[in-house]
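Trainee: Could you take me closely through one part of this model, the place where two of its domains meet, and then set that part in its wider context?

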Amino acid sequence: MKAAEAVAGVARQHAIEVDSDARFPEATIRAARELGLLGLVSSEEVGGKGAGLDAAAHVVERLARECASSAMVMTMHYSGAFVIEEHGDETARRAVASGQHLSTLAFSESGSRSHFWAPTSSAKVEGDEVILDADKSWITSARHADAYVWSSRPANAEGMSTLWLVPRNTEGVEKSGGFNGIGLRGNDSAPVTAWGARIPMNQRLGEDGRGFDVMMGTVLPRFSIMIAAGSIGMAEAAVQATAEHAGGVKYAHLEQMTLAELPTIRAYVAKMKIRTDEARMLWEDAIRAVESGREDAMLRVLEVKASAAEAASAVLDTAMRVCGGQAFRKDVGVERRFRDARASMVMAPTTDQLYDFIGKAVCGLPLF
Ligand SMILES: Cc1cc2nc3c(=O)[nH]c(=O)nc-3n(C[C@H](O)[C@H](O)[C@H](O)COP(=O)(O)OP(=O)(O)OC[C@H]3O[C@@H](n4cnc5c(N)ncnc54)[C@H](O)[C@@H]3O)c2cc1C
């Protein structure tokens, strides 16, 4: 896609400073907005591009090869945008479609930690408003998103959760601390609290008490496939950077032999490539399974994030070994990705939770 290629060019230009200064990738997201990528998954009916998961996942994969923080911001935007498109009012849907609205998910809480499907925060109805109290532990784009797709306990109904659209500047919604993580340093993830924050009742996304269904039906398949896209993009970039490095550095005392002429090194590069391609093939199959509503779609959704996250982490670990002492320096381009690639393993559902869910599915046990 032409627009994705152009935005990837901007991401490449800023990737190093986004990482070193832990700076939000403003220029990349601006380019994505201007080139119509923020409205990619919105329907044409409200002015969007009407594209689906396949297109969004490929945008994320392409960006991740250049700047994983940008890919993460776009993953969270599309995850929120899919929910708004399905459950938001027309004003919100049009805002996303026009590129004026950057979205994100505010699911994780300090109470239930990575068990995002079980919020402990509350929503109380007062007239035609709802009052939110929450201690959200991580929100990507916390200071840049226009509104958060927010989970709480149900207001009045039975069930595990309810979703809301909460504008970032709502009174009582506070963002704390800057992000100084080891990887994805530009993703602007921050804890956000809400104490007595009031939003109109009509900003509910889906039915009261049915948030879990939206999380599992709308968010999980798309989020998992897009996070996997980021992992695969990073792994692909690592294979290329490693091959370039191995082909370029020489041993003067061995008649200018390159690193790539060592069979051990070539075998490591081969294993990196195999692992990346295996993850990519599962990812492509997961996209097909979800888009066609195949019977095994949920199993693929559970598999794809774990497979890609573990593959990217292993590939980057090998890249660090192959590129030797020089890999510790930023110019080789693998140490940043080595740090970035670790995040997807611990992003919920984490790899270990996914292993448990997949094991349950294979053994015929209920997931929850
Ligand atoms: C860079 C970054 C950006 C993020 N952005 C967002 C965002 O935009 N929105 C959002 O809602 N969240 C976001 N998150 C939060 C993320 O999804 C997780 O909720 C968070 O990383 C969990 O961390 P924790 O320390 O609370 O995990 P814990 O729950 O304390 O887990 C610690 C360890 O225990 C393991 N574990 C926990 N439960 C089980 C189980 N049942 N079976 C097996 N192992 C288990 C986990 O796998 C993990 O290894 C982000 C996280 C990161 C790192």
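**Where domain 1 meets domain 2**

Mentor: In this predicted model, the centres of domain 1 and domain 2, taken over C-alpha atoms, are separated by 21 Å. To the contact between them, domain 1 contributes 22 residues and domain 2 contributes 18 residues. As for where these parts lie in the chain, the domain assignment places domain 1 at residues 2-97 and domain 2 at residues 105-208, with domain 3 following at 212-362.

Between them, domain 1 and domain 2 bury about 1500 Å², and 66% of that area is on carbon and sulfur atoms. When the polar side of the boundary is examined, the count of salt bridges between domain 1 and domain 2 is 0, whereas 6 residue pairs, both members at pLDDT 80 or more, are in polar contact across it. On the side of domain 1 that touches domain 2, at least two residues each are supplied by α1 (2-20), α2 (26-34) and α4 (68-87). Helix α4 gives the largest share of that side, with 10 residues. Sorted by kind, the residues on this side of domain 1 comprise 11 that are nonpolar, 6 that are polar and 5 that are charged; charged residues are therefore present on this side by the classification used, although the count of salt bridges between domain 1 and domain 2 is 0.

The other partner can be described through its annotation. An unreviewed UniProt entry assigns residues 105-192 the label "domain: Acyl-CoA oxidase/dehydrogenase middle", and this span is 0% helix and 41% strand, with its end C-alpha atoms 12 Å apart.

For the wider context, a search of the whole structure finds 29 salt bridges. One of the salt bridges in the model joins the side chains of Arg280 and Glu61, at 2.8 Å from N to O. Because Arg280 belongs to helix α7 (residues 263-291) and Glu61 to helix α3 (residues 53-64), this pair ties together parts that are 219 residues apart in sequence.

Further along the chain, the unreviewed UniProt entry gives residues 209-361 the annotation "domain: Acyl-CoA dehydrogenase/oxidase C-terminal". Over residues 209-361 the chain is 75% helix and 3% strand, and the end C-alpha atoms of that span are 25 Å apart.

Methods
Residues are numbered from 1 along each chain as its sequence is written. This is a predicted model: local features need pLDDT of at least 70, side-chain atom pairs count only at pLDDT 80 or more; totals for chains, interfaces and linings use all residues. Side-chain values use heavy atoms; hydrogens and water are left out. UniProt positions are given in the numbering used here, feature names are shortened, and annotations may be inferred rather than shown by experiment. Helices (H or I, at least four residues) and strands (E, at least two) are DSSP runs, numbered from the N terminus. Domain bounds come from an automatic or database domain assignment. Contact means heavy atoms within 4.5 Å. Buried area is the accessible area (1.4 Å probe) that two parts lose on being put together, summed over both. A salt bridge is a side-chain nitrogen of Lys or Arg within 4 Å of a carboxyl oxygen of Asp or Glu. A polar contact is a pair of N or O atoms within 3.5 Å; within protein, one must be able to donate a hydrogen and the other to accept it, and residues adjacent in sequence count only if both atoms are side-chain atoms.
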